[in-house]
Amino acid sequence: MDPLELLIQINFVIVAALLIAAFSLLIYLLTYYFRSRSARGAAWLLASVFTVYLGDLILFFIEDPHSAERWLRLQWLGIAITPAAYAHLTDALLERTGSFSPWRRWAVRGAYGLGAAWFLLAIGTDLLVHDGTADGRAFHLWAGPLFPLFLVYFISGVAWGVINAWQARRRTLISTHRRRLTYLAATMIAPAVGVFPYLLLVGRTLPSFPAVFWGMVGLGNLIIGTMLFGMVYAVAYLDVLVPDRVIKQRWIDYLLRGPVLATFVVLVMFGLSRLSHVLGLPLALLLPLVAAATIVSYEIFSDWIRPLFEWLFLRRDVSELARMRRLSDAMITARDLRQFLEGILALMCEALRSPTGFVVRITPNGIEPVAAFGAIEQASIEETLSVVEGSADGPIAADGFWIWPLRSRGDPVLLGAIAVAQPAGEVVLEPLQDLLRGWVARAAAALEDRMLQERALSALEQVAEEVSRLRQPEQAPSAAPLVEHPEFTHWVKEALAHYWGGPRLLQSPLLQLRIVQQAMEAHDGNPIRALRAVLAEAIEQLRPDGERKLTAPEWLLYNLLEMRFIQGRKVREIAQRLALSESDLYRKQRAAIEAVAVVLAEMERRAARVLAEEGQPPKPMGSE
């Protein structure tokens with residue numbers, strides 16, 4: 001291949017990669033940082049770069065100057081709005097430092113209007129540019145009579161933007177912010193350098209030396225691409241309260257899934273066209289083979305280069321991230337638990353020659369079947385835990401089943417049970433005791449690990465919700481009362497389940513209720529005691545008038561709530577005293593908790609009305 005042709009082809013790849021980078025960074029800013037005015041200004045700059053380089057890429061496939069003229073004029077959409085985008089971005093930067101100016105806002109709007117006018121002149125008249133031509137392989141337009149005026153507009157707008165950026169840096173008081181604005185001010189010149197139509201000024205000079213020209217274009221585009229990444233990276237930190245690690249991880253993930261992948265594909269397609277020519281094979285034959293190989297190889301390639309990206313961006317956090325990944329790999333999902341326990345149950349059924357068995361676990365909502373084989377009646381499941389509750393080991397023969405209790409390793413808390421139906425024939429258990437004991441221990445360990453994981457995840461979800469609120473200070477707080485939240489009844493259930501203590505009570509969103517805040521004054525500022533008192537008051541409001549009766553229908557909800565949560569009695573004991581089956585008791589318990597939620601909501605609304613009547617409008621939840 002001719003060296004000049006090779007240089008042009010290399011420039012094609014560079015332009016394609018830069019086009020991909022501009023588009024990817026534009027989508028990145030709009031997806032993650034759209035609320036930031038600084039990010040929206042930078043997005044306009046990237047849009048201008050994308051428009052111009054899209055035209056450059058198309059021009060590589062055009063040979064006729066007349067056909068090229070249409071695309072050269074369309075490029076002016078990006079060229080014309082560049083000064084306005086600079087004004088937009090730098091006005092937002094100055095506002096971050098407390099410098100608010102209405103005339104600057106109007107200047108930004110006016111700049112966009114001027115940009116639209118220049119684009120209309122470029123696409124519809126010859127006053128700004130005219131007559132597409134080609135010097136060598138470089139297409140360009142000639143300057144019209146109004147181009148000097150546009151040149152003044154372009155240089156003035158970009159210069160004003162750069163000056164504003166450095167002024168914003170000078171006004172910044174925090175050293176970390178000043179450093180980031182330094183990066184931004186130093187790299188934001190890249191869009192202007194990338195979009196300006198130099199060939200209108202030197203159209204007959206540089207293309208006379210094609211190797212020098214294409215070499216300078218390629219080197220310039222590489223520098224511009226690098227600066228664009230630096231500009232977007234700096235903008236990502238502005239106006240967003242997110243830890244550096246989160247921004248860097250998001251940046252790495254996006255780079256690997258977006259620009260790096262797209263550039264990888266472009267390089268492969270470029271090499272494929274050359275390979276098709278060398279081998280003399282049709283492109284349609286090679287394309288599916290190479291596409292499949294590209295997909296598979298990129299998975300390996302991205303895994304290989306990810307540690308390099310993490311080392312570059314997350315040098316101090318690499319070891320902690322590796323630890324978090326190990327914890328993630330060790331997590332047990334509900335499906336994992338069910339499949340694991342099904343496997344153990346299947347082994348026990350096979351060893352004991354029984355086709356029927358089940359595994360149950362204890363949850364705050366009651367007894368929950370986890371795995372089962374054969375026809376199992378609900379009554380058998382409900383009877384299981386009552387049989388094994390006082391037993392330390394198994395098997396226990398009851399109701400035609402052999403039952404093994406599943407207990408935690410440290411404090412022997414009952415977690416659940418495994419039951420296998422006794423077979424019709426004789427089975428000797430003694431030779432299988434060690435094997436069965438090992439399976440039971442593994443099942444108990446799985447239940448305990450899942451229980452601990454659920455507690456940890458619940459706490460993490462609470463933290464994540466709080467952090468999410470902290471990361472979006474510009475979002476107005478919700479005016480909707482807490483009692484109208486779709487999870488309100490669930491929060492009430494969790495608070496009642498942990499009435500006498502536990503992490504759920506300490507982390508309960510119900511602590512934000514006004515009635516709880518008011519109750520804290522009577523309980524020495526203790527939020528837990530205040531919430532407990534409010535819950536007790538809500539339950540007490542469900543108490544019917546007259547003498548208490550255990551089995552009367554109108555007393556059912558109150559008796560259930562008072563014995564279950566206030567007294568802390570066991571489910572089996574409550575069911576016996578109220579003359580209910582345990583399954584029926586759980587159904588009634590759900591209705592009772594919903595009733596408590598309704599009472600709490602009415603108490604909260606009543607407190608809000610009292611505050612309003614006293615001339616103290618209630619604050620939106622989350623503003624306390």
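**Exercise 1. The second largest pocket**

Which helices and strands each supply at least two residues of the lining of the second largest pocket?

*Solution.* Keep in mind as you work that this is a predicted model.

Step 1. Start with the space itself: the second largest pocket has a volume of about 850 Å³. It is lined by 33 residues, and those closest to its centre are D56, Y198, L199, F213 and V217.

Step 2. Now go through the elements. At least two lining residues come from each of α1 (3-32), α2 (37-59), α4 (76-96), β2 (138-143), α8 (190-195), α9 (199-202) and α10 (210-235).

Step 3. Look for the main contributor. Helix α10 gives the largest share of this lining, eight residues.

Step 4. Finish with the residue classes. The lining holds 25 nonpolar, six polar and two charged residues.

**Exercise 2. Helix α2 and two partners**

Find out how α2 is oriented relative to α3 and to α10, and give the hand of each crossing.

*Solution.* Step 1. Take α3 (residues 65-74) to begin with: its axis and that of α2 come within 9 Å and cross at roughly 165 degrees. Angles over 145 degrees count as roughly antiparallel, so α2 is roughly antiparallel to α3.

Step 2. Check the hand of this crossing: α2 passes α3 in a left-handed way.

Step 3. Turn to α10. The axes of α2 and α10 come within 10 Å, with a crossing angle of roughly 160 degrees. These two helices are therefore roughly antiparallel to each other.

Step 4. The crossing in which α2 passes α10 is left-handed.

**Exercise 3. Buried, exposed or in between?**

Sort I163, A116, E604 and I418 by accessibility, and give for each a residue elsewhere in the sequence together with the C-alpha distance.

*Solution.* Step 1. You need two cut-offs: under 20% relative accessible area is buried and over 50% is exposed, with partly exposed in between.

Step 2. I163 sits in helix α6 (residues 147-171). Its relative accessibility is 55%, so I163 is exposed. From I163 to A185 the sequence separation is 22 residues, and their C-alpha atoms are 8.8 Å apart.

Step 3. A116 belongs to helix α5 (residues 102-124). With a relative accessible area of 38%, A116 is partly exposed. A116 and A80 lie 36 residues apart in sequence, with 7.0 Å between their C-alpha atoms.

Step 4. E604 is part of helix α24 (residues 582-613). A relative accessible area of 3% makes E604 buried. Along the sequence E604 and R514 are 90 residues apart, yet C-alpha to C-alpha they are separated by 6.5 Å.

Step 5. I418 lies in strand β7 (residues 414-421). At 0% relative accessibility, I418 is buried. G394 is 24 residues from I418 along the chain, and the two C-alpha atoms are 9.6 Å apart.

**Exercise 4. A backbone angle to look at**

Where is R353 placed, and is R353 buried or exposed?

*Solution.* Step 1. Locate the residue: R353 is in the loop between α15 (334-351) and β3 (357-363).

Step 2. Read the accessibility. R353 has a relative accessible area of 57%, so it counts as exposed.

Step 3. Now consider the backbone. Phi of R353 is near 60 degrees, a positive value in a residue that is not glycine.

Step 4. Set that beside the general rule: most residues other than glycine have a negative phi.

Methods:
Residues numbered from 1 in each chain as written. Predicted model: local features only at pLDDT ≥ 70, side-chain atom pairs only at ≥ 80, totals over all residues. Heavy atoms only, no water. Helix = DSSP H or I, 4+ residues; strand = E, 2+ residues; numbered from the N terminus. Buried < 20%, exposed > 50% of the residue type's maximum accessible area, 1.4 Å probe, protein only. 1 Å grid on protein atoms, 1.4 Å probe; cavity = no way out; pocket = protein on both sides within 12 Å on 5 of 7 lines; lining within 4 Å. Points joined across faces, edges and corners; volume = space filled by probe spheres on them. Nonpolar A, V, L, I, M, F, W, Y, C, P; charged D, E, K, R; others polar. Axes fitted to C-alpha atoms, helices over the stretch in contact; angles between N-to-C directions. Parallel < 35°, antiparallel > 145°, perpendicular 65-115°, else oblique. Left-handed = near helix turned anticlockwise from the far one by under 90°.
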